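Reader: I should be grateful for a close look at the lining of the largest cavity. Which element supplies the largest share of that lining? Please continue afterwards with the open sheet and the pairing of its strands.

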Amino acid sequence: MIDVRVLKKLCPTYSFLHLDTIDSTNEYLKSRLDLFEKTIVIAEGQTQGKGRNGRSFYSPKGCGIYMSLLIKPQNDPNTIFDLTGITALSALKAIQTVYGITPSIKWLNDLMVQDQKIAGILCESLFFGSQIKAMIIGIGINVHTFERPAEIASVAASIEDFSPIKKPRSILIAKFLNFFDEFLAAPDKALGDYRKQLAYVNQKVYIHQAGQISTGIIRGIDDHFHLLIENEHGQQESLVSAEISIRPWIQS
Ligand code: BTN
């Protein structure tokens with residue numbers, strides 16, 4: 001079990017709600033927008049963990065971190081996008097600090113080790129008319145080794161598959177929140193660090209966008225974490241929302 005007393009002690013500016021098993025912590029928070037900003041819902045397991053683009057996120061009980069953070073941001077689309085990048089980087093730094101391994105970031109927000117995904121982030125923005133009402137940042141990290149169903153066996157892995165270090169999950173969550181606060185206060189540093197960890201730079205990738213697949217070469221990110229791609233015609237484009245794959249099919 002995740003020790004919430006440790007979290008309350010190490011991260012006093014956050015509120016924590018610790019649940020056993022629910023469908024999805026993102027869905028739970030959507031129904032609880034009355035909660036204070038910086039409330040975090042953590043579940044020991046999820047029965048319908050959600051990933052990006054309608055995929056699911058396998059969330060076996062006691063094996064990972066499945067949590068969602070409630071933010072009530074200013075109505076600035078750039079801030080919303082920046083938050084997603086900052087979340088991925090904070091998770092990466094926390095994993096590096098606690099477990100001594102350095103994942104790379106598959107844009108925008110998958111953490112990869114040896115081409116296998118160990119963590120994913122699903123940010124959902126809720127609007128009231130054109131005003132943003134809340135943002136829910138959902139973070140899923142595979143921590144302990146678990147039995148992987150056949151459909152994810154070749155693409156997903158856990159931190160402990162790559163690191164001999166064993167630590168309570170509460171320590172990883174606390175480190176993540178420390179980095180998250182640090183990078184929110186210093187977004188330029190976050191951009192620089194994110195660029196260093198971006199995967200597949202100068203490599204050809206497949207881009208899945210609005211139902212179309214194209215190819216391009218990753219050149220970096222701009223100052224709001226948009227992906228800079230050199231397209232098939234040699235022109236530079238910046239992508240706000242797309243799925244990247246190094247294989248000619250889409251995998252999570
Ligand atoms: C992805 O891989 O595309 C994103 C995965 C996000 C998973 C987390 S687990 C906690 C939160 N609740 C969910 O249902 N999804 C996110």
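Author: The largest share of the lining of the largest cavity comes from β6, which supplies 4 residues. The model is predicted, so that local features need pLDDT of at least 70 and side-chain atom pairs count only at pLDDT 80 or more, while totals for chains, interfaces and linings use all residues. Residues are numbered from 1 along each chain as its sequence is written, and side-chain values use heavy atoms, without hydrogens or water.

Strand β6 spans residues 116-128, and α2 (25-30), β3 (64-71) and β7 (131-142) likewise each supply at least two residues of this lining (helices are DSSP runs of H or I with at least four residues, strands runs of E with at least two). The lining comprises 21 residues in total, and those nearest the centre of the cavity are K50, F57, G120, L122 and G138. Sorted by class, the lining holds 10 polar, 6 nonpolar and 5 charged residues (Gly counts as polar; Asp, Glu, Lys and Arg count as charged). The space in this cavity amounts to about 200 Å³, and the structure holds 2 cavities of 30 Å³ or more (on a 1 Å grid, a cavity is where a 1.4 Å probe fits but cannot get out, and lining residues have an atom within 4 Å of a point).

Turning to the open sheet, 5 strands are arranged in the order β11-β10-β9-β8-β12, with antiparallel pairing (pairing requires at least two DSSP bridges). At the edges stand β11 (236-239) and β12 (243-245), each of which pairs on one side only.

From the β11 edge, strand β10, residues 227-231, meets β11 through 4 bridges in the antiparallel sense. One position in this pairing is E230, whose bridge partner in β11 is Q236.

Further into the order, strand β8 (residues 204-209) runs antiparallel to strand β9 (residues 212-221), and 6 bridges join the two. V205 has G216 as its bridge partner in β9. The two strands form a hairpin with 2 residues between them, and A210, in the turn, has a positive phi of about 45°.

Strand β8 is also joined to β12, by 3 bridges, again in an antiparallel run. Here H208 has E243 as its bridge partner in β12. Strand β8 thus stands between β9 and β12 in the order of the sheet, whereas β12 is an edge strand.

Methods. 1 Å grid on protein atoms, 1.4 Å probe; cavity = no way out; pocket = protein on both sides within 12 Å on 5 of 7 lines; lining within 4 Å. Points joined across faces, edges and corners; volume = space filled by probe spheres on them.
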